[in-house]
Amino acid sequence: KRLYNLHIAKREDSPVFIMEGYGDVETCNQNGLFSTVCVGGTAFTEYHILELLRLGKTEVVLCLDGDVQGLKGIDSMLEKFV
């Protein structure tokens, strides 16, 4: 039910970037982009969306890999936002 790095991303006044994995989030943090989170190996659920909304995060950017699994993941996530 948790989004990795949300405790840092929630402080930022920018869109939340949802990455595919922990390494992606850490790379972004090391390069100054702190509004990044990832699900961390579990399925993205409506609970994650509610958590983002609870924190006032209404702008989300999906940043998954361009491989087959990443594209399927984006499709699955988009369905949950509708």
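**A walk through one predicted model**

Let me begin with charged side chains: the count of salt bridges in this structure comes to one. Please keep in mind from the start that this is a predicted model, and that I will speak of it as such throughout.

Which two residues form that salt bridge? They are Arg-54 and Glu-51, and the closest N and O atoms of the pair are 2.7 Å apart, which counts because a side-chain nitrogen of Arg within 4 Å of a carboxyl oxygen of Glu is what the term requires. Both residues belong to helix 3, which covers residues 46-54, and they sit three residues apart, about one turn of the helix. Is each partner buried or exposed? Arg-54 has a relative accessibility of 60% and therefore counts as exposed, whereas Glu-51, at 13%, counts as buried.

Let me turn now to the cysteines, and to the bond that one might look for among them. As a general reminder, a disulfide is a covalent bond between the sulfur atoms of two cysteines. How many disulfides are there in this model? The count comes to zero, and the distances show why. For Cys-38, the closest cysteine sulfur is the one in Cys-28, and because the two sulfurs are 10 Å apart, they are too far from each other for a bond. For Cys-63, the closest cysteine sulfur is again in Cys-28, here at 7.2 Å, which is also too far for a bond; the cut-off in this step is 2.5 Å between the sulfur atoms. As for their surroundings, Cys-38 is buried, with a relative accessibility of 0%, while Cys-63 is partly exposed, with a relative accessible area of 28%.

Next comes the sheet. In general, strands of a sheet pair through backbone hydrogen bonds, either parallel or antiparallel. Here three strands form an open sheet in the order 2-1-3, and the pairing is parallel. At the edges we find strand 2, residues 36-38, and strand 3, residues 60-63, each of which pairs on one side only. From one strand to the next, the twist averages 30°.

If we look at the pairings in turn, strand 1, which covers residues 16-19, is joined to strand 2 by three bridges, and strand 1 also pairs with strand 3, in the parallel sense, over four bridges. Phe-17 is a good residue to follow with your finger, since you can trace it in both directions: it stands opposite Thr-36 in strand 2, and it stands opposite Val-61 in strand 3. Across strand 1 and strand 2 lies helix 2, residues 22-30, and this helix runs at about 170° to strand 2.

Met-19 is also found in strand 1, where it stands opposite Cys-38 in strand 2. With a relative accessible area of 12%, Met-19 is buried. Leaving aside residues up to four places away in sequence, Met-19 touches several residues, among them Asp-24, Val-25, Cys-28, Thr-36 and Cys-63. There is also a long step along the chain to notice here, for Met-19 and Leu-62 are 43 residues apart in sequence, and yet their C-alpha atoms are 6.6 Å apart in space.

What about the nonpolar residues inside? In general, nonpolar side chains tend to be buried together in soluble globular proteins. In this model the largest nonpolar core has 13 residues, and those with the most contacts inside it are Leu-3, Ile-18, Val-37, Phe-44, Leu-52 and Met-77. The elements that give two or more residues to this core are helix 1 (6-9), strand 1, helix 3 and helix 4 (68-81). Ile-18 touches, beyond its neighbours up to four places away in sequence, residues including Val-37, Phe-44, Leu-52, Val-60 and Met-77.

I will finish with the segment before helix 1, where Tyr-4 has its place and where Asn-5 is found as well. Tyr-4 is partly exposed, with a relative accessible area of 31%, and its contacts, again not counting residues up to four places away in sequence, include Tyr-22, Val-25, Glu-26 and Cys-38. The C-alpha atoms of Tyr-4 and Val-39 are separated by 6.2 Å, although the two residues are 35 residues apart along the chain. Asn-5, in turn, counts as buried at 4% relative accessibility, and it has a positive phi of about 80° although it is not a glycine.

Note on methods. Residues are numbered from 1 along each chain as its sequence is written. This is a predicted model: local features need pLDDT of at least 70, side-chain atom pairs count only at pLDDT 80 or more; totals for chains, interfaces and linings use all residues. Side-chain values use heavy atoms; hydrogens and water are left out. Buried means under 20% relative accessible area, exposed over 50%, partly exposed in between (1.4 Å probe, protein chains only). Two strands pair if DSSP finds at least two bridges between them. Axes are lines fitted to C-alpha atoms, for helices over the stretch in contact, and angles run from 0 to 180 degrees between N-to-C directions. Contact means heavy atoms within 4.5 Å. A nonpolar core is a set of buried Ala, Val, Leu, Ile, Met, Phe, Trp, Tyr and Cys residues joined through side-chain atoms within 4.5 Å.
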